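Let's take a walk through this protein together. Have the sequence and the 3D view open, and follow along at your own pace.

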Amino acid sequence: MCHVASLGRKRLTVVIGTSSIVDEITHEPILSILSLIVETAVRLRRDGHRVVIVSSGAIGVGLQRMNIPKRPKHLAQVQALAAIGQSRLMSIWDSLFAHMNQPVAQILITRNDIADRSQYLNAQNTLAEVLSLGVIPIVNENDTLAVSEIKFGDNDTLSAIASAMVHADYLFLMTDVDCLYDRNPRKFPDAKPIPVVDDIDALHADVSSAGSALGTGGMATKIVAARLATAAGTSTIITKSSKPGNIAAVIRHLHPPVDADTGAAHESSSPPPLHTRFVASTTPIRNRAFWILHGLAPHGTIYVDRGASQALANKAGLLPVGVVGVEGTFAQQEAVRLVVVDKQPLGSLSPTGDSTSASAVLQLVQRGEEIGRAVVNYSSAEISRIKGLRSSEVRSVLGYADSEYVAFRENVSLHAAADKSHPGTPSGFGTPNKEGTPENSLADLRIGQ
Ligand SMILES: N[C@@H](CCC(=O)OP(=O)(O)O)C(=O)O
């Protein structure tokens, strides 16, 4: 008899959309799926993995509780339903997990919360602590507080951010299809499954499926989430929500148990269930760099020239001389998009002055490519006055000079494709990689940077 060593410990995030949690017509909870998710999550926990669940369904459960047939249009009504449904949703999860003696914790997050660095770290530390206690955190957007401008909008994006916070090895996006196909399998029976995606930008898949009547997601939001999570070092897997057992089967396929005596892997003789795996970056963007890119909401855009973009990639800060245009109104210490353009814009793009023209902005936006985000030392009005100037000229133009930089390098975060520290990255933001990010101890997550 051989001894089988336990699988390597992994951190997994599993996101389940409204259509898998409540019936689309009656809004009653789909207990069969919920129970299977609970059994799978507990089994994974017992195998030593750490599991985070991102659960939609508050609004759907609220509809059923109040016997309202259709999701209302009015925001306050939706928020009230979310408040009503969230407590019942948690009580469903808690009672199902209680059968397996598995404690759970509720974590509700808004985009606004994580825009504050210390709150982001608080959320990260709480998640780390909950996981280290052996508890399964159940995350949802705090719909009661989040209005449209400060919403994640869909739980796929939230799950990618939660995955980055816990440095998850895998994010499972549970959906109503088995995997991505090159064409719509409902229309084309010869559509081929796509098992692995190395480069999201090179992906040729049919992602036309829309969200359900109650949910906000669809396949497109899953691709966005996959892009975000893989850049943060989390392999992302799309698989069928009605078969949660697939999660454990996929993990077993990717990390077969090994014989403790011989070290030989116990490969399964049966193929893994259908799924699509987006390969994680081996040079993940994490911590403060991730937070600047995805935690902060940008308040405007700074257009930079190719020279500045090159300098940023070589780890320099952003100087006024490299700025060719400004769009939007923002204050010092707010976040902006950095967009690289080839040509000098036609006029100032600042709303504060000169010859702003919508078409000039549009042309730039169409020409330009977002290379990253930055937290700036000057407001939009100030930057539109010092753009193109040498740092030594800033004082004479503004009457003061808070910094020679428009943004310090530590306040600039570049997307993988624009960052020289991500070698071998092709154009676009996809990243070619091998599997496997290093295991991080939970202590790694409790970082105060
Ligand atoms: N936070 C909302 C769900 C938002 C959402 O993304 O829904 P879905 O597209 O079904 O994943 C709720 O709990 O009802």
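D178 counts as buried, because its relative accessibility is 18% and the cut-off for burial is under 20%. Please keep in mind that this is a predicted model. The side chain of D178 meets that of K243 in a salt bridge, at 3.6 Å from N to O. This pair links distant parts of the chain, 65 residues apart: D178 sits in the loop between strand 5 (170-175) and strand 6 (180-181), while K243 sits in the loop between strand 9 (235-240) and helix 9 (245-254). K243 has a relative accessible area of 41%, so K243 is partly exposed.

Side chains of opposite charge can pair when their charged atoms come close. The structure holds six salt bridges, and two others are worth a visit. In one of them, the side chains of K222 and D156 meet at 3.0 Å, N to O. K222 belongs to helix 8 and D156 to helix 7 (residues 155-165), so this pair ties together parts that are 66 residues apart in sequence. Are these two partners buried or exposed? K222 counts as buried because its relative accessibility is 8%, and D156 is buried too, with a relative accessible area of 7%. In the other bridge, R373 and E370 meet through their side chains at 2.9 Å, N to O. Both R373 and E370 are buried.

K222 has already brought us to helix 8, so let's stay with that helix. Helix 8 has 13 residues and spans 18 Å from its first C-alpha to its last, close to the 18 Å expected at 1.5 Å a residue. How much of helix 8 is buried? The count is 10 of its 13 residues, so helix 8 is largely enclosed by the rest of the structure. Besides K222, the buried residues include M219, T221, I223 and L228, together with the alanines A225, A226, A229 and A231. T230 is also buried.

Helix 8 leads on to the second largest pocket, which has a volume of about 350 Å³. There are 19 residues in the lining of this pocket, and V224, L228, L293, H294 and H415 lie nearest its centre. Which elements give two or more residues to the lining? They are helix 8 (219-231), helix 10 (287-295) and strand 14 (369-375). Helix 8 gives the most, with five residues. By class, the lining has 10 nonpolar, four polar and five charged residues.

The pocket also brings the domains into view. The domain assignment gives domain 1 (13-289) and domain 2 (297-347 + 356-414). The centres of domain 1 and domain 2, taken over C-alpha atoms, are separated by 36 Å. Each of these domains supplies at least three residues to the lining of the second largest pocket.

For a last stop, go back along the chain to helix 6, residues 117-132. Helix 6 has 16 residues and reaches 22 Å from its first C-alpha to its last, close to the 22 Å expected at 1.5 Å a residue. Buried positions in helix 6 include R117, Y120 and Q124, along with L121, L127 and L131. A123, A128 and V130 are buried in helix 6 as well. Just after helix 6 comes G134, which takes a positive phi of about 80 degrees.

Definitions and conventions: Residues are numbered from 1 along each chain as its sequence is written. This is a predicted model: local features need pLDDT of at least 70, side-chain atom pairs count only at pLDDT 80 or more; totals for chains, interfaces and linings use all residues. Side-chain values use heavy atoms; hydrogens and water are left out. On a 1 Å grid over the protein atoms alone, a cavity is a set of points where a 1.4 Å probe fits but cannot get out, and a pocket is an open set with protein on both sides within 12 Å along at least five of seven lines; lining residues have an atom within 4 Å of a point. Grid points are joined across faces, edges and corners, and a volume is the space filled by probe spheres set on the points. Helices (H or I, at least four residues) and strands (E, at least two) are DSSP runs, numbered from the N terminus. Ala, Val, Leu, Ile, Met, Phe, Trp, Tyr, Cys and Pro count as nonpolar, Asp, Glu, Lys and Arg as charged, and the others, Gly among them, as polar. Domain bounds come from an automatic or database domain assignment. The expected span of a helix is 1.5 Å times one less than its number of residues. Buried means under 20% relative accessible area, exposed over 50%, partly exposed in between (1.4 Å probe, protein chains only). A salt bridge is a side-chain nitrogen of Lys or Arg within 4 Å of a carboxyl oxygen of Asp or Glu.
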